[in-house]
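Reader: I would like to know how the terms used for a structure are justified. Could we go through them one at a time?

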Amino acid sequence: MIIAASVARALVIVFWLASAAYAFLLSVPFVYEQFLLPGLVPALVAFARWQGVLSLVAAPLLALALWPDLAARRALVSGGLLIWLASMAGVGGLVASPLTTLQPGAWALTLAAAALVPVIWLAVIDLTQATWTDAARTTDPLARDAVVTLFAAVASVSLFAAAGLATTRAFDPLGAVLSVSAHALLFAALFAVFVLVRAVADLTSKPSQWEAFGAVVMVAALLGIAAAVVILPAVSQRDGPSQAVVTAFGATIGLVLASRGARHGHARERDGLVLALGGILPRWAQSHRPIQRAGWAVLVVAVAVAFRAASGSMDWNFVVAKMGAVVVWVLVLATAAQWTPARVYLPSATPFGVCAAVLAVYLVAAGRLPFGPVTVDAAMRAGDVWAVGDPSFRTLRDWLQRPVPQVEATAADGGAPADGVGFFDFLQAHTNIGRSIQIAPVAVRLADLSVRREVRRPHVFVFVIDSLRRDYLSPYNPAVTFTPAIQQFAAESTVFTRAFTRYGATGLSVPSIWVGGMVLHKQYVLPFAPMNALHDLLGHHGYRRWMSMDNIVEIIMPRDGSLDEIDRGVGVGDFRMCASIDDVRKRLDRLTADAAPTFVWSLPQDVHVAVLNREGNAAVDGRAYDAFYPPYASRVRRFDECFGGFVNDLKAKGLYDDSLIVLTSDHGDSLGEEGRWGHAYTLYPEVVQVPLVVHLPAYARAGLETDAAQLAFTTDITPTLHALLGHTVTAPSPIFGQPLYWPKGAAKPARPPFGLMASSYGSIYGWVDAAGEQMYIADGVALRDYVYRLDGSGTGIAETVTPAARAAGQRAIRGGIQAIADYYQFTPPTR
């Protein structure tokens, strides 16, 4: 019965923690819209669908878990169980209305908090049933604590250093020194917390009991803080309720583990800290037998390796790597607390002297003292190479770095000099605008559609290949040898060499293409149709639409009689270039038999990092691809062949010279640069630089000219289509794009100096200069900034952020965001 009760307890805890985690993720608008709603993770979809039923199953499991306590007739257990069973009967409606019906908002956060209640209750039961034996101390606990934290620091540094060397195969002495220093500061701080817990407990009549209680609080608090600093930045949430729920989530896990140790630890243990930390280790790992200790050590190493592997090719803002670092810290600290001998002899001043020295070094290095020669930012950035393979150091480095200076707003930036809103607070106020904030759409009209020159209406094919990097295409990179079809297509088209996306992820990048300009940072302003300038244009000119319909296009694009869906019945994660092109190629004969113009839209997912990860991160053809990432490059090669076949079909049917063809991407991807994978909410050069290759119909090409080296954005596609269909484009605001072509002999139109770019999912913004040669990035999540020189390569060159570059970049970004708010008549609510 005891084993069954233990298993039931574990299942109940895991179930309610999973429910809390899902409900929190659901409360974040972009997570809901881009991941949960389209069902990109089947396991999450299944869990949400069955959560209501499982919550009822959890009730009898909870009774089984508490059977030993019920048998002892403990009032807290019996009364709590009756209340919980009654509440489960009352919420049976969850079966008919599971998590899948919830939407982002306060109710989702409330449900996340409520799901933690049964877990906390179990922990409180353990804590109240714990027993302690108080007696006078026979050893110096502070000396032992010093050894424990030293052991944990050395183990953490060694373990992650070994993993880093195995990954990067490059030893960086400076990075190693910085890693040792950062870990010394972390565990010196933990030693200080140990001292505080013991000092407070010694003031009471039952020091062991209060020590254990203080240790439980300590573990819960530390895990709560760790959860907040790891998870909240990953989902770009800084509001109070979200912080409270995530902190409570981490604290609940810590409470469960520490309370378990307090209740089930050895009754003879007089050290309250050791007793509480013992709950983190299984009982067999607390044995003195060498074979069992060796087995536990191997298991800890395996955990570290597993987290490192899981974050190796797909990790949203390093959240998996950072979670792994925190888990390993906790494991090695608990292990050290259990394995360190009870009697340790050190001069009493030694631990305090070491901690004081570590703190002094940090204060000097961080520039927190008047004579500090450097800043911690400069020091930690010097360890970027080491941080690639050492997630523990990366985590500490990100925590220790101070926010960058914020430039004061001026009236020209859209805010009064004394408006009281700091730069990063301003970014946050205009980012991830909540669903509860109702915003009416503002109509977007790039031209008067009733006035036009008589021109032919070409067929239009727009291929937006999700996550396609331009440096993996031969028109942009001579080292590429695996895209001959696109190379041939580029020779007959315009290759815009300084093209950018306005948004670093699909969520807002695709809508901005259809609008022809930037949009409010909200998912989404509804109804979207009044802002959809491209849809209005196509309807006005009688285009029929052959389109892939994903979860985003379904929101921004009204379904009507002109739509003939391609990739019908295929989930967005399974859109593939070759399949989409085959669907279109089967219909091409209709274009020769019918004079009506056709618009084709495709958003293939071949090289999206989630697809690569799901398909095993392996090359589809077994080739090596030299310096390129084989899983990615091989899929580019595959769809290059399909695209070449499509172009040949158009030529064979006489449609090629009567068609406008756009080959582009909604954003790029990081493929291991400095340990980064995917795009998340970053704006690095490899993410925002995109291919943009445009083939004009022969009759239009003869009368137009362009500048292939001009600064271009994906939001220029819709204005370009307006101009090619005979309309004079007059952008109502600098936030909108402009035509990429103009009549031969006419002066080149001047582009407004508006180089704003943004993440789709977080308060990260960038500004590219008018020449497309330098980019400033302000990261409002990590409170850091960067400058890159764009040299034509895929990744650019990182440069030092000078005060002048910071001032110019922050003012430009603030002014750009204010321009968006002004056009769409948005004023952030007062907080």
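**Terms and the values behind them**

Author: The model is predicted. Strand S7 (residues 659–664) and S10 pair in the antiparallel sense over four bridges.

Reader: What makes S7 and S10 a pair?

Author: Two strands pair if there are at least two bridges between them. S7 and S10 have four bridges, so they count as paired. One bridge sets Thr 664 against Leu 692 in S10.

Reader: How do you know that strand S2 also pairs with S10?

Author: S2 (residues 494–495) is joined to S10 by two bridges. The rule asks for at least two, so S2 and S10 are a pair as well. They run antiparallel, and Thr 494 stands opposite Val 694 in S10.

Reader: Which order do the strands of this sheet have?

Author: The order is S2-S10-S7-S1-S6-S4-S5, in an open sheet of seven strands with mixed pairing.

Reader: Why are S2 and S5 said to stand at the edges?

Author: S2 and strand S5 (563–566) each have a single partner strand, so one side of each has no neighbour in the sheet.

Reader: How many bridges join S1 and S6, and is their pairing parallel or antiparallel?

Author: Strand S1 (residues 459–464) and strand S6 (residues 598–602) are parallel, with four bridges. Phe 463 stands opposite Ser 602 in S6.

Reader: What makes both faces of S10 count as covered?

Author: S10 spans residues 692–695. Leu 692 and Val 694 lie on one side, Val 693 and His 695 on the other, and all four are buried. Buried means under 20% relative accessible area, so both faces are described as covered. In the chain of 831 residues, 55% are buried.

Reader: Which residues have the most contacts inside the largest nonpolar core?

Author: They are Phe 461, Trp 514, Trp 601, Phe 643, Leu 692, Ile 813 and Tyr 824, in a core of 124 residues. Helix H27 (residues 630–652) gives the most to this core, with nine residues. A second, separate core has 111 residues, including Leu 109 and Val 768. In soluble globular proteins, nonpolar side chains tend to be buried together.

Reader: What does Phe 461 touch?

Author: Leaving out residues up to four places away in sequence, Phe 461 touches several residues, among them Val 584, Leu 588, Phe 646 and Ile 661.

Reader: Why is the contact of Phe 489 and Phe 643 called an aromatic pair, and why edge-to-face?

Author: Their ring centres are 5.1 Å apart, and the limit for a pair is within 6.5 Å. The planes are at 85°, and edge-to-face means over 60 degrees, so both words apply. Phe 489 lies in helix H20 (residues 484–491) and Phe 643 in helix H27, so the pair ties together parts that are 154 residues apart in sequence. Phe 489 and Phe 643 are both buried. Ring pairs also link them with Phe 461, Phe 463 and Phe 646 in a cluster.

Reader: How do you know that Arg 502 lies over the face of Phe 713?

Author: Arg 502 is 3.5 Å from the ring centre of Phe 713. The rule requires the charge to be within 6 Å of the centre and within 35 degrees of the ring normal. The distance fits that limit, and Arg 502 is listed as lying over the face. Arg 587 lies over the face of Trp 546, at 5.5 Å from the ring centre.

Conventions:
Residues numbered from 1 in each chain as written. Predicted model: local features only at pLDDT ≥ 70, side-chain atom pairs only at ≥ 80, totals over all residues. Heavy atoms only, no water. Buried < 20%, exposed > 50% of the residue type's maximum accessible area, 1.4 Å probe, protein only. Core = buried A, V, L, I, M, F, W, Y, C linked by side-chain atoms within 4.5 Å. Contact = heavy atoms within 4.5 Å. Phe/Tyr/Trp six-rings, centres within 6.5 Å; stacked < 30°, edge-to-face > 60°.
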